[in-house]
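Here are a few exercises to work through with the model open on your screen. Try each task before you read its solution.

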Amino acid sequence: MSDSTATVDDLDARLEKHRVELTGYCYRMLGSSFEAEDAVQDTLVRAWRSYDKFEGRSSLRSWLYRIATNVCLDMLNAGNKRARPMDLSESTPLAKAALSPRPDNTWLEPMPDARVLPTVEDPAEAAVAKESVRLAFMAALQQLPPKQRAVLILREVLAWRASEVAELLETSVASVNSALQRARATLAERADSGAEAAVSDPLNEEQQKLLERYVAAFEGYDMSALTALLHEDAIMTMPPFDLWLTGHDDIAGFMTTIGSACEGSRLLPVQVNGLPGFAQYKPDPEKGGYTPWAVQVLEISDGRLTGFHFFLDTERWFPLFGVPLHLEAEADQVEQGE
């Protein structure tokens, strides 16, 4: 192997080492799984092409964050703020429920933990990272102007010093501190920015049992058992539809009427947005077995489910989460096992 090839391979490896944390940063900035991955790819390509101009005045990591920030700010110039259904409209009573989709770029998107949460040894650092990708916090971030968003993420989530952020954004420390103060004030006005998902890491025994009961109730389509697990003000959303429901009565009513095709579903666990979740498959009457229906994200607080969110664009989500696009029926699996 020539020296030049070795150098290229070494640079590729050094850049690739930062992919997960950069994806987490871009995801928090953009609110979109796929835009975040595009932004990181653009960042690494720009870094590769301009590496000969990198003079080492800062660390390679800081330089990559500078490029990634500029990529994200350029992408955010269009002004699109991704949101959850409850950020855009009032809750719909079951009697008026209708499924009206909005364009994909309207919605905050789910993200597998493994793509945005680097492995860290400090449990406190890991907990902060998980909390900072939860849906409620992500939705709150989207309400901030882009530069305030960058400042808050760099200072509060990634624990950069104000001087480091000022250098990255080519501004003053005073300006960084002012932006952080305004960002904190905006988030403080959104009381739900973290309260909806009081999930311990790892799940404690009570939360684990709650999930087991949820799986049994959902797969058995036992609305009494499911209702017993829901907080009385629980929220259910289904992007790309703008409909959202609140309260266990309306949720159970929806699932036995408009959503009745979910009866007989199967759930596979996934780790999503720092929260427990499931890949949901519903029965496939044409091919047999089960067909993808949704990525579910569950929010837990005080021993109850306070929110469950169904992301329905499975052609995009299931490959992202690395789960199969078809499940065989149990009888077929038993036969294959024999």
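At 67% relative accessibility, Glu170 counts as exposed, because the cut-off for that class is over 50%. Keep in mind that we're working with a predicted model throughout.

**Exercise 1. Find the salt-bridge partner of Glu170 and say where each residue sits.**

Step 1: Look for a positively charged side chain; Arg66 forms a salt bridge with Glu170, and their closest N and O atoms are 3.2 Å apart.
Step 2: Place the two on the chain. Arg66 belongs to helix H4 (residues 60–76), while Glu170 is in the loop between helix H10 (162–169) and helix H11 (173–189). That's a link between distant parts of the chain, 104 residues apart.
Step 3: Check Arg66 for exposure: with a relative accessible area of 23%, Arg66 is partly exposed.

**Exercise 2. Work out whether Glu109 and Arg82 are buried or exposed, and what their pairing ties together.**

Step 1: Get the contact. The two side chains, Glu109 and Arg82, meet in a salt bridge at 3.3 Å, N to O.
Step 2: Glu109 lies in the loop between helix H5 (85–88) and helix H6 (113–116), and Arg82 in the loop between H4 and H5, so the pair ties together parts that are 27 residues apart in sequence.
Step 3: Both Glu109 and Arg82 turn out to be buried.
Step 4: Now widen the view: Glu35, Arg82, Glu109, Asp313 and Arg316 are linked in a network of salt bridges.

**Exercise 3. Explain what Asp284 has around it, given that it is buried without a salt bridge.**

Step 1: Locate Asp284 in the loop between strand E4 (275–283) and strand E5 (290–301).
Step 2: Check the nearest side chain of opposite charge, which is Lys287 at 5.1 Å. A salt bridge needs the nitrogen within 4 Å of a carboxyl oxygen, so this pair doesn't qualify.
Step 3: Try the backbone instead: the nitrogen of Lys287 is 3.1 Å from a polar atom of the Asp284 side chain.

**Exercise 4. Describe the largest cavity and its lining.**

Step 1: Start with the count, which is two cavities of 30 Å³ or more.
Step 2: The largest cavity holds about 100 Å³ of space.
Step 3: Among the residues lining the largest cavity are Glu109, Asp313 and Arg316, each of which also appears in the salt-bridge network from Exercise 2.
Step 4: Sort the lining by class, and you get six nonpolar, no polar and four charged residues.

Definitions and conventions
Residues numbered from 1 in each chain as written. Predicted model: local features only at pLDDT ≥ 70, side-chain atom pairs only at ≥ 80, totals over all residues. Heavy atoms only, no water. 1 Å grid on protein atoms, 1.4 Å probe; cavity = no way out; pocket = protein on both sides within 12 Å on 5 of 7 lines; lining within 4 Å. Points joined across faces, edges and corners; volume = space filled by probe spheres on them. Nonpolar A, V, L, I, M, F, W, Y, C, P; charged D, E, K, R; others polar. Helix = DSSP H or I, 4+ residues; strand = E, 2+ residues; numbered from the N terminus. Buried < 20%, exposed > 50% of the residue type's maximum accessible area, 1.4 Å probe, protein only. Lys, Arg positive; Asp, Glu negative; His and termini not counted. Polar contact = N/O pair within 3.5 Å; in protein donor to acceptor, adjacent residues only side chain to side chain.
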